[in-house]
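Biologist: I would like to go through the side-chain contacts and the sheet. Please keep the answers short.

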Amino acid sequence: MTPISQNLPASRRRRNGFTLIELLVVLVILTLLAGLVGPRVMNQLGGAKSKTAALQIADLEKSLELFKLDVGRYPTTAEGLNALSAKPASANGWNGPYTKGAVPNDPWGKPYGYTSPASNGGVEIVSLGADGTAGGTGENADIRNQP
């Protein structure tokens, strides 16, 4: 008994794999798709970090309100946001910790800025965005709890 491939014409026996041209066409199509879809996915990822920072700032602001209810004042700028997780020496009535674990860094891995009292008499919590410097647009824009 002879194998089936021996019964096929020579032109059909050689055509078991893909040609180099076919592989190159597939690679070009995949590259075009990655070029079109990749930037959109990265933009969504960046927007998510800004939204996460805004939510974390809102949570920290709520924790600061609880601190103020117990102690009668906001933490000073020198005490910083760490006063939410560790009792400052001058905080009589502290009933914390007011956060689960340590105070988080912003989504870009940098600590949040904190000022008390701020220009409006309250507190200011700020993330300097992806670039870590004041100002900027898009992902580099500052995110804060007050305008």
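Biologist: Which residues do ring pairs link into a cluster?

Modeller: Keep in mind that this is a predicted model. Searching the whole structure gives two aromatic pairs. One joins Phe67 to Tyr98, and the other joins Trp94 to Tyr98. The cluster is therefore made of Phe67, Trp94 and Tyr98.

Biologist: What is the geometry of the Phe67 and Tyr98 pair?

Modeller: The ring centres of Phe67 and Tyr98 lie 5.8 Å apart. Their planes meet at 70°. Planes over 60 degrees apart count as edge-to-face. So the Phe67 and Tyr98 pair is edge-to-face.

Biologist: How many residues apart in sequence are the parts that this pair, Phe67 and Tyr98, ties together?

Modeller: Phe67 belongs to helix H3, residues 20-71. Tyr98 sits in the loop between H3 and strand E1 (113-115). The pair therefore ties together parts whose separation in sequence is 31 residues.

Biologist: At what angle do the planes of Trp94 and Tyr98 stand?

Modeller: The centres of the Trp94 and Tyr98 rings are 5.7 Å apart. This pair is edge-to-face, because its planes stand at 90°.

Biologist: Is Tyr98 buried or exposed?

Modeller: The relative accessibility of Tyr98 is 12%. Buried means under 20%. Phe67 has a relative accessible area of 0% and is buried. Trp94 is buried too, and Tyr98 likewise counts as buried.

Biologist: Now the charged side chains. Which residue forms a salt bridge with Glu124?

Modeller: The whole structure holds three salt bridges. In the one with Glu124, the closest N and O atoms are 2.3 Å apart. A salt bridge needs such atoms within 4 Å. The partner of Glu124 is Arg144.

Biologist: Which strands hold Arg144 and Glu124?

Modeller: The pair ties together parts that are 20 residues apart in sequence. Arg144 is in residues 143-144, and Glu124 is in residues 124-127. So the strands are E3 for Arg144 and E2 for Glu124.

Biologist: Which residues are linked in a network of salt bridges?

Modeller: Arg144 meets Glu124 in one salt bridge. Arg144 also meets Asp142, at 3.4 Å from N to O. Glu124 is buried at 18%, whereas Arg144 is partly exposed at 34% and Asp142 is partly exposed at 23%. The network consists of Glu124, Asp142 and Arg144.

Biologist: Is Arg73 buried or partly exposed?

Modeller: Arg73 and Glu79 join their side chains in a salt bridge, 3.0 Å from N to O. Glu79 has a relative accessible area of 18%, so Glu79 is buried. Arg73 has 24% relative accessibility, so Arg73 counts as partly exposed.

Biologist: Let us turn to the sheet. Which strands stand at the edges?

Modeller: Three strands form an open sheet, ordered E1-E2-E3, with antiparallel pairing. Each edge strand has a single partner strand, so one side of it is left without a neighbour in the sheet. The edge strands are E1 and E3.

Biologist: What is the bridge partner of Tyr114 in E2?

Modeller: E1 and E2 run antiparallel. Three bridges join E1 to E2. In E2, Tyr114 is matched with Ile125.

Note on methods. Residues numbered from 1 in each chain as written. Predicted model: local features only at pLDDT ≥ 70, side-chain atom pairs only at ≥ 80, totals over all residues. Heavy atoms only, no water. Phe/Tyr/Trp six-rings, centres within 6.5 Å; stacked < 30°, edge-to-face > 60°. Helix = DSSP H or I, 4+ residues; strand = E, 2+ residues; numbered from the N terminus. Buried < 20%, exposed > 50% of the residue type's maximum accessible area, 1.4 Å probe, protein only. Pairing = 2+ DSSP bridges.
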